[in-house]
Amino acid sequence: MRFSLKPQDDAFYGFFSDAAENLKRGVAVLAELGDDKPDFQSISERLVDVEHDNDELTHSLFNKINTSFVTPMDRSDMYMLAGRLDDVIDNIEAAANLIYLYGLSDLPSLPREMIEQVAVLEAQAALTAEAMPNLKGLDDKMREYWVECNRLENDGDRAYRMLLVRLYSGEYDTMTVMKLKEVADMLESACDAFEHVANVIEAIYVKES
Amino acid sequence: MRFSLKPQDDAFYGFFSDAAENLKRGVAVLAELGDDKPDFQSISERLVDVEHDNDELTHSLFNKINTSFVTPMDRSDMYMLAGRLDDVIDNIEAAANLIYLYGLSDLPSLPREMIEQVAVLEAQAALTAEAMPNLKGLDDKMREYWVECNRLENDGDRAYRMLLVRLYSGEYDTMTVMKLKEVADMLESACDAFEHVANVIEAIYVKES
Amino acid sequence: MRFSLKPQDDAFYGFFSDAAENLKRGVAVLAELGDDKPDFQSISERLVDVEHDNDELTHSLFNKINTSFVTPMDRSDMYMLAGRLDDVIDNIEAAANLIYLYGLSDLPSLPREMIEQVAVLEAQAALTAEAMPNLKGLDDKMREYWVECNRLENDGDRAYRMLLVRLYSGEYDTMTVMKLKEVADMLESACDAFEHVANVIEAIYVKES
C-alpha cells in the first residue's frame, strides 16, 4: 500500500537520504587516512561521532515506524535497509579505531592498496547518497545505481586482493601484517555492506514491481 | 493471525524459552574456561552435547511448524529465530573445540580479555533466557531487552578489540597469536549472533505492531 | 499463488537447475587443485568464466522476474536463492584466484585437508544439482537433500578445523600459513554458502506448506 504523495511519507524517505549523507560525511573523515600526516586519533574519534549521529537517525526512524499507521514501504524493509547502512558505519568506525589502537601510525604510510580501498568506499558513499533520494520513485534510474554499485564492489575486491598479496610478500613484519590484515578485512566488509544496501533496495524494487 | 490464548501456542513459545535455557547452560560450560585448571577436553565435549540438544529442540519445532495449521508467529520468523539461536551455539562449540585441538591448554592462562568476552556471552545468555518468555506478549518490556542487548554487544566489541591489541603486542609467539585470534573471532561471532537474535525479535515486533 | 503446470513456470525453475549445473562445472574445475601438477593460472581463469556465466544466468532470471505478471515462487525468494548460489561461485573463484596470486603453486602440494574441503564442495555441488529439479515439487524428497546437506556441511567444518590445526603446527612458514588460511576461509565460506542455499529452499518450503 503506497500513498507516496502524502507529506508524511517524505519523513520516511528523508531518513534514508539523511543517513546516506551522514555516511558520506563519515567516509570523508576516513579518507583523511590518505593525507600526508593523518591525525589517527582525531579520525577515530570523529567516526565515533558519525556513528552516534547514525544511531540517532535510526532511533527516530524506528519511533516513526512504530507510531505510524501507514508507511510508504514495508516496515521490515525499512528496518533492514537501516540495518545495512548501519553495517557500513560500524565497519568504518572499527577500521579507524584499530588503526589508532594498533599504533599503525608508526608506519611511514599505509599501503597504497588500503588507500585504494578507501577510495572505493568514497565512490560508493557518493553513489549511495545520490541514489537515495530516488528511493521514492524506484524508477529506472535505480538500475544505473545497481550496475555502478556492482562495478565498485568489484574494484574494492581487486584492491583487497592486491593488498593481501602485498601484505604476504615479506615487506612487513608478521605482527604488522596481522594488524593491517585486520583493518583491510573491515574495509572490505564496509565495501560489501554498501553492496548489501543496494541488494535490499533491489529486493524492495523486485517486490513492488 | 494470533490466537495467543490457545494452549497450542505455548508449545511454539515454549520452544524458544527452552532453546534459550539450553544456550544459557552451554555458555555456563564455556565459562569454565576462566577456572583455575579448566578441563578443556570435557568443556569441548559437553558443548557438543549442548549443540545436539539444541538440534533436537529445533527438529521438534520444525515438525510442529509443519504439522500445525495455524501458528502464533510467521513460520519464516520462527524459522529465522531458531537459526540465529543455532548460530550462537555453533560458534561457542567451535571456539571450545579449537582451544582444545590447538593445545592452548599449554598456556599458563587464556588472555584476560578472552575471559571478558566469555563474561559478556554469559550476560547475553542470561538476558536472552529472561526475555524469551516475554516473546508471547512482545510488550514494552522487550524494549529494555534490546537496549541492554545493544549495550552488551558494545562491551563484547570492546573486549574483542582490546584482545586484538594484546595479541599483536608481541607477548605471544606468532602461531599462538593466530590460534588465539581464531578463537577470539568465534567468540566475537557468538556475541554478534546474540544481537542477531534480538534483531529478529525486533523485526517480528515491528511487523506485528 | 502457484500455476505450476504452466510452461512459463519451467523457465523460472529451469534457471535454478541451470545455475546449479554451472556451479557443479565450476567446482569440477576447482577440484583440479588435487591433480598432480595443477595449472593454477588456468584454473583461476576458467573459474572467472564460470562466474560470468552465472552472472548472465542471474541477469536473465531477473529480467524474466521483472517482465512476468505471475511467478511460481515469491519474487524475493527467487532473488534470495540466486544470491546464495552466487555466493558459492564468488568464494570459489576468490579461493582459486588467491592460490594463483599468492604463488602457492611453489608448495610441493596443497595440504591434504584443503583437498578434503574441495571434495566436500564437490559432493555439495552434486547434491545441489540433483535436488534443484525437484524445486518445482518441493516434496518430501527435499527432506533427504537437507539431511545430506547438513551432513556435508559438518564434514566441511571438520576438514576446515583439521586444516587449521595443521596450519598452526609449525609445518609451514608464517606467511605461507597466512596465505593458506585465507584460501581455507574462502573454501569454508563456499561450504557454508551451499548450506545457505538449502536454508533458503527450506524457508520457501516452510512458507508454502
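1. C:Asn54 is a convenient place to start: leaving out residues up to four places away in sequence, C:Asn54 touches C:Ala19, C:Asn22, C:Asp86 and C:Ile89. The model is a predicted one, and the points below should be read with that in mind. C:Asn54 sits in helix H2 of chain C, which covers residues 40–67. Its relative accessibility is 2%, so C:Asn54 counts as buried, given that buried means under 20% relative accessible area.

2. C:Leu57 belongs to helix H2 of chain C as well. With neighbours within four places in sequence set aside, C:Leu57 is in contact with C:Phe15, C:Asp18, C:Ala19 and C:Asn22. C:Ala19 and C:Asn22 therefore appear in the contact list of C:Asn54 and also in that of C:Leu57, under the contact criterion of heavy atoms within 4.5 Å. The C-alpha atoms of C:Leu57 and C:Phe16 are separated by 9.0 Å, although the two residues are 41 apart along the chain.

3. On the fold, chain A has six helices and zero strands. The order along the sequence of chain A is α-α-α-α-α-α. Among the contacts in chain A between residues at least 6 apart in sequence, 83% join residues at least 24 apart.

4. On overall dimensions, the C-alpha atoms of chain A fill a box of roughly 60 × 30 × 25 Å along the principal axes. Does the radius of gyration of chain A agree or disagree with that of a compact globule? For 209 residues a compact globule would have a radius of gyration near 17 Å, and chain A has 18 Å, so the two agree.

5. On burial and surface, 55% of the 209 residues of chain A count as buried. Chain A exposes about 9000 Å², and carbon and sulfur atoms supply 50% of that area. Chain A carries 20 positive and 41 negative charges, and the mean positions of the two sets are 4 Å apart.

6. A:Ser17 is part of helix H1 of chain A, residues 7–30. Is A:Ser17 buried or exposed? A:Ser17 counts as buried because its relative accessibility is 17%, and the limit for buried is under 20%. Not counting residues up to four places away in sequence, A:Ser17 touches A:Met132 and A:Pro133.

7. A:Ala82 is placed in helix H3 of chain A, residues 75–101. A relative accessibility of 2% is why A:Ala82 counts as buried. Beyond residues up to four places away in sequence, A:Ala82 touches A:Phe15, A:Phe16, A:Thr58, A:Leu61 and A:Phe62. One of these, A:Phe62, is 20 residues from A:Ala82 in sequence and 9.3 Å away in space, C-alpha to C-alpha.

8. On the contact between chains A and B, 16 residues of chain A meet 17 residues of chain B. The area buried between chain A and chain B is about 1600 Å², with 63% of it from carbon and sulfur atoms. Which residues of chain A lose the most area to chain B? They are A:Tyr79, A:Met175 and A:Met178, which together make up 34% of what that side buries.

9. On the contact between chains B and C, 16 residues come from chain B and 17 residues from chain C. Chain B and chain C bury about 1600 Å² between them, 64% of it on carbon and sulfur atoms. B:Tyr79, B:Met175 and B:Met178 supply 34% of the area that chain B buries against chain C, more than any other three residues.

10. B:Tyr168 lies in the loop of chain B between helix H5 (141–167) and helix H6 (174–208). At 5% relative accessibility, B:Tyr168 counts as buried. Apart from residues up to four places away in sequence, B:Tyr168 touches A:Tyr102, A:Met175, A:Met178, A:Lys179, A:Glu182, B:Val177 and B:Lys181. The C-alpha atoms of B:Tyr168 and B:Lys181 are 9.6 Å apart, with their positions 13 residues apart in sequence counted as separation.

11. A:Thr174 is in helix H6 of chain A, residues 174–208. Not counting residues up to four places away in sequence, A:Thr174 touches B:Thr174, C:Thr174, C:Met175 and C:Met178. A:Thr174 and A:Phe194 are 20 residues apart in sequence and 31 Å apart in space, C-alpha to C-alpha.

Notes
Residues numbered from 1 in each chain as written. Chains lettered and ligands numbered in written order. Predicted model: local features only at pLDDT ≥ 70, side-chain atom pairs only at ≥ 80, totals over all residues. Heavy atoms only, no water. Helix = DSSP H or I, 4+ residues; strand = E, 2+ residues; numbered from the N terminus. Rg over C-alpha atoms; globule rule 2.2 N^0.38 Å. Buried < 20%, exposed > 50% of the residue type's maximum accessible area, 1.4 Å probe, protein only. Areas by Shrake-Rupley, 256 points an atom, 1.4 Å probe, with all protein chains shown as cover. Lys, Arg positive; Asp, Glu negative; His and termini not counted. Charge placed at Lys NZ, Arg CZ, Asp CG, Glu CD. Buried area = accessible area lost by both parts, 1.4 Å probe.
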